[in-house]
Amino acid sequence: MKAFFITVLVAILAATLVSAGMTESDFKKMKVKDLRAFLMDRGLECIGCQEKSDFVRMAYQHRDKSPIGSAKKREIPSKKFWEAWSDIAKQECQNAVKRRGNDADAEPFSIICDTIHSAADSYLMQHGRRVANQLKKTPLHLLETSFKDVYYEAGLHLFQTLADYCLASPSSQTACQSLGSVLSTMDGSSGANFKVWTTNVGIENTNPMYDIIGEHADL
(Lines give C-alpha, C1' and ligand atoms only; values in the text may rest on other atoms or scores of the structure.)
Protein backbone atom coordinates (compact mmCIF):
# COMPACT_ATOMS: atom_id res chain seq x y z
CA MET A 1 0.00 0.00 0.00
CA LYS A 2 2.83 2.36 0.87
CA ALA A 3 4.47 1.64 -2.47
CA PHE A 4 1.18 2.46 -4.22
CA PHE A 5 0.92 5.89 -2.61
CA ILE A 6 4.56 6.61 -3.42
CA THR A 7 3.88 5.70 -7.05
CA VAL A 8 0.84 8.00 -7.16
CA LEU A 9 2.81 10.84 -5.56
CA VAL A 10 5.64 10.44 -8.05
CA ALA A 11 3.16 10.44 -10.95
CA ILE A 12 1.49 13.64 -9.71
CA LEU A 13 4.86 15.30 -9.16
CA ALA A 14 5.98 14.30 -12.64
CA ALA A 15 2.79 15.69 -14.19
CA THR A 16 3.26 18.94 -12.30
CA LEU A 17 6.86 19.31 -13.41
CA VAL A 18 5.91 18.65 -17.04
CA SER A 19 3.06 21.17 -17.07
CA ALA A 20 5.15 23.74 -15.19
CA GLY A 21 7.63 23.69 -18.05
CA MET A 22 4.98 24.21 -20.73
CA THR A 23 4.95 27.47 -22.64
CA GLU A 24 1.91 29.42 -23.77
CA SER A 25 2.60 28.16 -27.30
CA ASP A 26 2.33 24.58 -26.03
CA PHE A 27 -1.14 25.29 -24.66
CA LYS A 28 -2.18 26.97 -27.92
CA LYS A 29 -1.48 23.69 -29.73
CA MET A 30 -3.94 21.83 -27.50
CA LYS A 31 -7.60 21.29 -28.39
CA VAL A 32 -10.29 22.96 -26.30
CA LYS A 33 -11.46 19.64 -24.84
CA ASP A 34 -7.86 18.92 -23.75
CA LEU A 35 -7.48 22.37 -22.22
CA ARG A 36 -10.74 21.82 -20.34
CA ALA A 37 -9.49 18.43 -19.13
CA PHE A 38 -6.21 20.03 -18.01
CA LEU A 39 -8.14 22.53 -15.90
CA MET A 40 -10.59 19.96 -14.53
CA ASP A 41 -7.68 17.75 -13.43
CA ARG A 42 -6.66 20.67 -11.25
CA GLY A 43 -10.13 21.38 -9.90
CA LEU A 44 -10.54 24.48 -12.06
CA GLU A 45 -13.32 25.71 -14.35
CA CYS A 46 -13.00 28.41 -16.97
CA ILE A 47 -16.22 30.21 -16.00
CA GLY A 48 -17.41 32.58 -18.70
CA CYS A 49 -14.82 31.38 -21.23
CA GLN A 50 -16.10 31.77 -24.78
CA GLU A 51 -12.99 31.46 -26.96
CA LYS A 52 -10.11 28.99 -27.07
CA SER A 53 -7.77 31.84 -26.11
CA ASP A 54 -9.64 32.12 -22.78
CA PHE A 55 -8.90 28.47 -21.98
CA VAL A 56 -5.27 28.85 -23.10
CA ARG A 57 -4.78 31.87 -20.86
CA MET A 58 -6.22 30.16 -17.78
CA ALA A 59 -4.34 26.90 -18.37
CA TYR A 60 -1.06 28.78 -18.76
CA GLN A 61 -1.69 30.83 -15.63
CA HIS A 62 -2.26 27.64 -13.61
CA ARG A 63 0.42 25.46 -15.21
CA ASP A 64 2.22 25.15 -11.85
CA LYS A 65 -0.87 23.79 -10.05
CA SER A 66 -0.74 20.09 -9.21
CA PRO A 67 -3.43 17.71 -10.54
CA ILE A 68 -5.86 16.68 -7.83
CA GLY A 69 -6.59 13.25 -9.30
CA SER A 70 -9.51 11.92 -11.29
CA ALA A 71 -11.27 10.70 -8.13
CA LYS A 72 -12.39 14.24 -7.30
CA LYS A 73 -15.76 15.09 -8.85
CA ARG A 74 -17.75 18.28 -9.16
CA GLU A 75 -19.86 18.66 -6.04
CA ILE A 76 -23.54 18.02 -6.71
CA PRO A 77 -25.80 20.36 -4.72
CA SER A 78 -28.49 18.97 -2.45
CA LYS A 79 -31.22 20.49 -4.58
CA LYS A 80 -33.62 19.45 -7.28
CA PHE A 81 -32.39 19.45 -10.88
CA TRP A 82 -34.28 22.64 -11.75
CA GLU A 83 -33.39 24.41 -8.49
CA ALA A 84 -29.67 23.80 -8.95
CA TRP A 85 -29.68 25.03 -12.53
CA SER A 86 -31.92 28.03 -11.89
CA ASP A 87 -29.34 29.18 -9.32
CA ILE A 88 -26.61 28.70 -11.92
CA ALA A 89 -28.73 30.62 -14.45
CA LYS A 90 -28.99 33.61 -12.13
CA GLN A 91 -25.27 33.52 -11.37
CA GLU A 92 -24.38 33.44 -15.06
CA CYS A 93 -26.71 36.38 -15.66
CA GLN A 94 -25.06 38.35 -12.87
CA ASN A 95 -21.62 37.47 -14.24
CA ALA A 96 -22.68 38.72 -17.68
CA VAL A 97 -23.94 41.98 -16.18
CA LYS A 98 -20.65 42.53 -14.34
CA ARG A 99 -18.60 41.77 -17.46
CA ARG A 100 -20.39 44.70 -19.07
CA GLY A 101 -19.37 46.95 -16.21
CA ASN A 102 -22.85 47.21 -14.69
CA ASP A 103 -24.20 46.62 -11.19
CA ALA A 104 -26.07 43.31 -11.01
CA ASP A 105 -28.06 44.57 -8.00
CA ALA A 106 -29.37 47.62 -9.85
CA GLU A 107 -32.47 47.72 -12.04
CA PRO A 108 -33.20 46.61 -14.68
CA PHE A 109 -30.42 44.02 -14.33
CA SER A 110 -31.58 42.63 -10.99
CA ILE A 111 -35.07 42.15 -12.44
CA ILE A 112 -33.70 40.45 -15.57
CA CYS A 113 -31.56 38.02 -13.56
CA ASP A 114 -34.44 37.25 -11.18
CA THR A 115 -36.70 36.61 -14.18
CA ILE A 116 -34.13 34.29 -15.77
CA HIS A 117 -33.91 32.45 -12.43
CA SER A 118 -37.69 31.98 -12.30
CA ALA A 119 -37.89 30.99 -15.97
CA ALA A 120 -35.11 28.41 -15.61
CA ASP A 121 -36.79 26.91 -12.55
CA SER A 122 -40.17 26.66 -14.30
CA TYR A 123 -38.84 25.46 -17.67
CA LEU A 124 -36.48 22.82 -16.31
CA MET A 125 -39.06 21.58 -13.81
CA GLN A 126 -41.57 21.00 -16.60
CA HIS A 127 -39.20 19.48 -19.14
CA GLY A 128 -37.00 17.74 -16.58
CA ARG A 129 -39.92 15.87 -15.07
CA ARG A 130 -41.24 14.97 -18.52
CA VAL A 131 -37.89 13.59 -19.68
CA ALA A 132 -37.35 11.70 -16.43
CA ASN A 133 -40.80 10.10 -16.64
CA GLN A 134 -40.36 9.12 -20.29
CA LEU A 135 -37.00 7.48 -19.56
CA LYS A 136 -38.17 5.96 -16.26
CA LYS A 137 -35.56 7.93 -14.37
CA THR A 138 -35.74 10.41 -11.52
CA PRO A 139 -34.87 14.12 -11.59
CA LEU A 140 -31.89 13.19 -9.41
CA HIS A 141 -30.48 11.17 -12.32
CA LEU A 142 -30.74 14.26 -14.51
CA LEU A 143 -29.04 16.40 -11.87
CA GLU A 144 -26.15 13.96 -11.49
CA THR A 145 -25.63 13.64 -15.24
CA SER A 146 -25.92 17.40 -15.81
CA PHE A 147 -23.00 18.00 -13.43
CA LYS A 148 -20.67 15.74 -15.41
CA ASP A 149 -18.04 17.10 -17.78
CA VAL A 150 -19.45 18.23 -21.13
CA TYR A 151 -23.10 18.21 -19.94
CA TYR A 152 -22.19 20.82 -17.33
CA GLU A 153 -20.14 22.88 -19.77
CA ALA A 154 -23.02 22.82 -22.27
CA GLY A 155 -25.49 23.91 -19.60
CA LEU A 156 -23.26 26.81 -18.59
CA HIS A 157 -22.87 27.80 -22.23
CA LEU A 158 -26.64 27.85 -22.74
CA PHE A 159 -27.24 30.11 -19.76
CA GLN A 160 -24.38 32.38 -20.81
CA THR A 161 -25.98 32.61 -24.25
CA LEU A 162 -29.38 33.37 -22.74
CA ALA A 163 -27.93 36.07 -20.50
CA ASP A 164 -26.06 37.67 -23.42
CA TYR A 165 -29.26 37.65 -25.46
CA CYS A 166 -31.24 39.33 -22.68
CA LEU A 167 -28.60 42.00 -22.11
CA ALA A 168 -27.78 42.70 -25.75
CA SER A 169 -29.98 45.77 -26.22
CA PRO A 170 -32.50 47.96 -24.37
CA SER A 171 -35.36 46.19 -26.16
CA SER A 172 -34.03 42.77 -25.15
CA GLN A 173 -33.60 43.96 -21.58
CA THR A 174 -37.20 45.10 -21.52
CA ALA A 175 -38.46 41.82 -23.01
CA CYS A 176 -36.46 39.71 -20.56
CA GLN A 177 -38.16 41.30 -17.59
CA SER A 178 -41.20 39.24 -18.63
CA LEU A 179 -41.33 35.62 -17.46
CA GLY A 180 -43.30 34.55 -20.53
CA SER A 181 -40.80 36.17 -22.86
CA VAL A 182 -37.81 34.42 -21.28
CA LEU A 183 -39.62 31.07 -21.27
CA SER A 184 -40.31 31.38 -24.99
CA THR A 185 -36.67 32.20 -25.76
CA MET A 186 -35.50 29.07 -23.96
CA ASP A 187 -36.85 26.96 -26.83
CA GLY A 188 -34.17 28.32 -29.13
CA SER A 189 -34.98 31.84 -30.32
CA SER A 190 -32.16 33.19 -28.14
CA GLY A 191 -29.72 30.72 -29.68
CA ALA A 192 -30.01 28.49 -26.61
CA ASN A 193 -32.26 25.43 -26.92
CA PHE A 194 -32.80 24.08 -23.42
CA LYS A 195 -35.22 21.37 -24.54
CA VAL A 196 -32.46 19.70 -26.57
CA TRP A 197 -30.06 19.97 -23.64
CA THR A 198 -32.52 18.56 -21.09
CA THR A 199 -33.52 15.66 -23.34
CA ASN A 200 -29.93 14.65 -24.07
CA VAL A 201 -28.91 14.99 -20.44
CA GLY A 202 -31.68 12.47 -19.78
CA ILE A 203 -30.54 9.97 -22.40
CA GLU A 204 -26.87 10.73 -21.63
CA ASN A 205 -25.98 11.58 -25.21
CA THR A 206 -22.81 13.69 -25.40
CA ASN A 207 -22.79 14.52 -29.13
CA PRO A 208 -25.41 17.31 -28.92
CA MET A 209 -23.43 18.79 -26.03
CA TYR A 210 -20.45 19.34 -28.31
CA ASP A 211 -22.83 20.92 -30.83
CA ILE A 212 -24.03 23.30 -28.12
CA ILE A 213 -20.56 24.47 -27.16
CA GLY A 214 -19.39 24.45 -30.78
CA GLU A 215 -16.50 22.05 -30.44
CA HIS A 216 -17.12 19.55 -33.25
CA ALA A 217 -14.43 21.24 -35.31
CA ASP A 218 -11.98 20.95 -32.44
CA LEU A 219 -12.44 17.35 -31.31
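**Exercise 1. How many of the 19 residues of H8 are buried?**

Solution. The model is predicted: local features need pLDDT of at least 70, side-chain atom pairs count only at pLDDT 80 or more, and totals for chains, interfaces and linings use all residues. Residues are numbered from 1 along each chain as its sequence is written, and side-chain values use heavy atoms, with hydrogens and water left out.

Step 1. Set the terms. Buried means under 20% relative accessible area, exposed over 50%, and partly exposed in between (1.4 Å probe, protein chains only). Helices (H or I, at least four residues) and strands (E, at least two) are DSSP runs, numbered from the N terminus.

Step 2. Count. In H8, 15 of the 19 residues are buried, so this helix is largely enclosed by the rest of the structure.

Step 3. Check the length. The expected span of a helix is 1.5 Å times one less than its number of residues. For the 19 residues of H8 this gives 27 Å, and the end C-alpha atoms are 27 Å apart, which agrees.

**Exercise 2. Describe the overall make-up of the protein.**

Solution. Step 1. Take the secondary structure: 12 helices and 0 strands.

Step 2. Take burial. The protein has 219 residues, and 41% of them count as buried.

Step 3. Take the contacts (heavy atoms within 4.5 Å). Among contacts with a separation of 6 or more, 72% come from residues 24 or more positions apart.

Step 4. Take the surface. Accessible areas come from the Shrake-Rupley method with a 1.4 Å probe; for residues, only the protein chains shown count as cover. The total is about 11500 Å², with 53% belonging to carbon and sulfur atoms.

**Exercise 3. Classify the ring pairs Trp-85 with Trp-197 and Phe-147 with Tyr-152.**

Solution. Step 1. A pair of aromatic rings is described by the distance of the centres and the angle of the planes. Rings of Phe, Tyr and Trp (its six-membered ring) pair if their centres lie within 6.5 Å; planes under 30 degrees apart count as stacked, over 60 as edge-to-face and the rest as tilted. The whole structure holds 10 aromatic pairs.

Step 2. Trp-85 and Trp-197 have ring centres 4.9 Å apart and planes at 75 degrees, so they are edge-to-face. The pair links distant parts of the chain: Trp-85 sits in helix H5 (residues 81-99) and Trp-197 in helix H11 (residues 194-203), 112 residues apart. Trp-85 is buried at 0% relative accessible area. Trp-197 is buried, also at 0%.

Step 3. Phe-147 and Tyr-152 lie 5.1 Å centre to centre with 55 degrees between the planes, a tilted pair. Both residues are buried.

Step 4. Join the pairs. Ring pairs link Phe-81, Trp-85, Tyr-123, Phe-147, Tyr-152, Phe-159, Phe-194 and Trp-197 into a cluster.

**Exercise 4. Find the disulfides and place them.**

Solution. Step 1. Apply the rule: a disulfide is a pair of cysteine sulfur atoms within 2.5 Å. The count is 2.

Step 2. Cys-93 and Cys-113 have sulfur atoms 2.1 Å apart. Their S-S torsion is about -80 degrees, so this disulfide is left-handed. It links distant parts of the chain, with Cys-93 in helix H5 and Cys-113 in helix H6 (residues 109-134), 20 residues apart. Cys-93 is buried at 0%, and Cys-113 at 1% relative accessibility.

Step 3. Cys-166 and Cys-176 are joined with an S to S distance of 2.1 Å. Here the torsion is about -70 degrees, so this disulfide is left-handed. Cys-166 lies in helix H8 (residues 149-167) and Cys-176 in the loop between helix H9 (170-175) and helix H10 (179-185), so the pair ties together parts 10 residues apart in sequence. Cys-166 is buried at 0%. Cys-176 is buried at 0% as well.

**Exercise 5. Examine the backbone at Pro-108, Lys-136 and Glu-204.**

Solution. Step 1. Recall the background: most residues other than glycine have a negative phi, and most peptide bonds are trans.

Step 2. The peptide bond joining Glu-107 and Pro-108 is cis, with omega about 10 degrees. Pro-108 lies in the loop between H5 and H6.

Step 3. Lys-136 has a positive phi, near 55 degrees. Lys-136 is in the loop between H6 and H7 and is exposed at 77% relative accessibility.

Step 4. Glu-204 has a positive phi of about 60 degrees. Its place is the loop between H11 and helix H12 (207-213). At 43% relative accessibility, Glu-204 is partly exposed.

Step 5. Follow one contact of Glu-204. Thr-145, in helix H7 (residues 139-146), is in contact with Tyr-151, Val-201 and Glu-204, leaving aside its neighbours within four places in sequence. Thr-145 is buried, at 4% relative accessible area.
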